[in-house]
Amino acid sequence: MADFEISDVLQSKPDAAHASKTFYLETFGCQMNVHDSEKVIGTLTQQGYHQVDTEEAADLILYNTCSIRDKAEQKVFNRLNDYKKLVKQGKRFGVLGCVAQQEGEQIFERAPYVSLVSGSASYRKLPEMLVRLELGEKRITGLDDRQTEETFETEFTARSNQHRGYITIIEGCDKFCAYCVVPYTRGKERSRTSTSVLAEAQRMADSGYTEIQLLGQNVNSYRDTEGKKSFAELLAAVGEIPGIRRVRFTTSHPRDFTRDIVEAIDAVPTLCDHVHLPVQSGSSDVLHMMQREYTRDWYLERISWIKAAKRKISMTTDIIVGFPGETPADFEQTVTLLHEVQYDGVFAFKYSPRPNTPAITMPDSISDEVKSQRLQILLERQREIQRFTYEKHVGEVLEVMVEGHNQARGQVIGRTSQNKTLNFTTGQPILPAGGSYLPVRVTKSFPNSLVGESVA
Ligand code: 5AD
Ligand code: SF4
């Protein structure tokens, strides 16, 4: 059940005319999509709709979709197919997010029972689109594409966690990496003012949130339209709000990763000890073909800044294997990069050709079998590295935020500032509540989690 940031939403009971307006929303894809859904749920609730848990119980069925890779895109069409029988019962379907923006009106051809197709750059028009839907319009579109200069800001955000919450600081992307749909699905880069971001963070702190995650496809190319704050200054200012204990940010592009971000982490204790810096490949030749606009050495220089920080900052990355033209030697350079950096986590993907992107014109030259082999090698090597990067914590006392309980194992699930899972025991009959902070001594490690005991 979602908890609402604005008490008005909770208090505004739908009137009788609205009582039957129910919706089901399923989210696919990244944190940006998860947070967009929180804002969409808030907006619908404010319009008198009531969220339900199943497609069967809903009048309006919404899918907030992802098109980053082919598999992600297929999921929504499979889901639509599974539930199209419900149209006979008068239920309406809406496709939101990246597949909606990418496929546009073609969705009406592929799935004629869909009534609403909207990309994220049009969500500010949702109230108007909902009214048209209620009036019986059959083909409503919100496909603003790269024209829009506006961001989707709403005070009606149905955050799904009471302790940690997202704030979007920048939408869209202007980087145009050769493989990536995001510049086409999420529009051009547009930042919110620092005044508006800080006001939202303050409201969250006032309502009891202690962790804030600043979001953007390319969060560190943030440009305050009021000209007041750089990204690093905004990060520090959020971290200095009384009551805020943890600040995270994602995703960073190496091209815009500046030294003052590391300096801010060193200076402000509430900024978490973690940087996610997607490299995509360890080969400068492949990086060039990917239009990433940096080389291996240039990337490693940013890593050296992070490693030189006074605090021990964990590092994670994204990697694509099997980009068109990637030779065995190129791939080997990605493997050596993993060893050189010693990442704390890696998200690795097989290259998937995407519509509209520059790379779609390059022959998808690496077979799926080779892509799978490379992915497996990469993940095995990284597992070995993580054995080491996790083992280093044994003996340390780390502060965790409690996320939940594993009843079967009698453990509490915590998360460290470095964004690692730390499962621990307390020796107490009453388990600590979700969202509380505790010091925990690490006693054991695995490649993906730590084990410990709380320190009295
Ligand atoms: N194929 C495979 N992986 C991709 N990513 C983005 N586009 C593609 C694609 N076409 C990966 C990148 C990015 C992450 C979110 O998804 O590694 O950082
Ligand atoms: Fe998927 Fe990218 Fe859209 Fe996020 S922005 S939902 S990762 S396509």
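**Exercise 1. The open sheet**

What is the strand order of the open sheet of 3 strands, and is the pairing parallel or antiparallel?

*Setup.* This is a predicted model: local features need pLDDT of at least 70, side-chain atom pairs count only at pLDDT 80 or more, and totals for chains, interfaces and linings use all residues. Residues are numbered from 1 along each chain as its sequence is written, chains are lettered from A and ligands numbered from 1 in the order in which they are written, and side-chain values use heavy atoms, with hydrogens and water left out.

*Solution.*
- Step 1. Read off the order: 7-10-11, with parallel pairing. Strands (E, at least two residues) and helices (H or I, at least four) are DSSP runs, numbered from the N terminus. Two strands pair if DSSP finds at least two bridges between them.
- Step 2. Find the edges. They are strand 7 (164-168) and strand 11 (246-250), and each pairs on one side only.
- Step 3. Check the twist. Neighbouring strands of this sheet are turned by 20° against each other on average, direction ignored. Axes here are lines fitted to C-alpha atoms, for helices over the stretch in contact, and angles run from 0 to 180 degrees between N-to-C directions.
- Step 4. Take one pairing. Strand 7 runs parallel to strand 10 (residues 211-215), joined by 5 bridges. Thr168 has Leu215 of strand 10 as its bridge partner.

**Exercise 2. Strand 4 and its neighbours**

Task: place strand 4 between its partners and describe its cover.

*Solution.*
- Step 1. Start with cover. In strand 4 (residues 92-97), 5 of the 6 residues are buried. Buried means under 20% relative accessible area, exposed over 50%, and partly exposed in between (1.4 Å probe, protein chains only).
- Step 2. Pair strand 4 with strand 3 (residues 60-65). The two run parallel over 6 bridges. Ile61 meets Phe93 of strand 4 as bridge partner.
- Step 3. Pair strand 4 with strand 5 (residues 114-118). These are parallel too, with 4 bridges. Here Gly94 has Leu116 as its bridge partner.
- Step 4. Trace the connection. Strand 3, helix 3 (residues 70-83) and strand 4 form a right-handed β-α-β unit. Right-handed means that, with the strands pointing away from the viewer, the path from the first strand over the helix to the second runs clockwise.

**Exercise 3. A second crossover**

Which strands does helix 13 connect, and what is the hand of the crossover?

*Solution.*
- Step 1. Strand 13 (residues 314-321) and strand 14 (residues 345-350) run parallel, joined by 6 bridges. Ile320 finds its bridge partner, Phe349, in strand 14.
- Step 2. The chain leaves strand 13, passes through helix 13 (residues 328-341) and enters strand 14; the β-α-β crossover is right-handed.
- Step 3. Inspect the loop between helix 13 and strand 14, where Gln342 lies. Phi of Gln342 is near 65°, a positive value in a residue other than glycine. Gln342 is partly exposed because its relative accessible area is 23%.

**Exercise 4. The barrel**

Task: give the strand order of the barrel and examine one of its pairings.

*Solution.*
- Step 1. The barrel closes with 5 strands in the order 15-16-17-19-18, and its pairing is mixed.
- Step 2. On average, neighbouring strands of this sheet are turned by 50° against each other, direction ignored.
- Step 3. Strand 15 (residues 397-406) and strand 18 (residues 437-445) are antiparallel, with 5 bridges. Met401 has Tyr437 of strand 18 as its bridge partner.

**Exercise 5. Loop residues**

Task: contrast Ala178 with Phe176, then locate a cis peptide bond.

*Solution.*
- Step 1. Ala178 sits in the loop between strand 8 (170-171) and helix 7 (182-185). Phe176 is also found in the loop between strand 8 and helix 7.
- Step 2. Ala178 counts as buried because its relative accessibility is 0%. Phe176 is partly exposed, at 28%.
- Step 3. Phe176 has a positive phi of about 55°, although it is not a glycine.
- Step 4. Look for a distant partner in sequence. Ala178 and Leu287 are 109 residues apart along the chain, and their C-alpha atoms are separated by 9.7 Å.
- Step 5. The cis peptide bond joins Thr250 and Thr251, with omega about 5°. Thr251 is in the loop between strand 11 and helix 10 (259-267).

**Exercise 6. The shell of ligand 2**

Which residues are around ligand 2?

*Solution.*
- Step 1. Apply the cut-off: one heavy atom within 4 Å. The residues are Cys30, Asn33, Cys66, Ser67, Ile68, Cys98, Val181, Val182, Arg186 and Gln217.
- Step 2. Assign domains. At least three residues come from each of domain 1 (6-142) and domain 2 (161-272). The bounds come from an automatic or database domain assignment.
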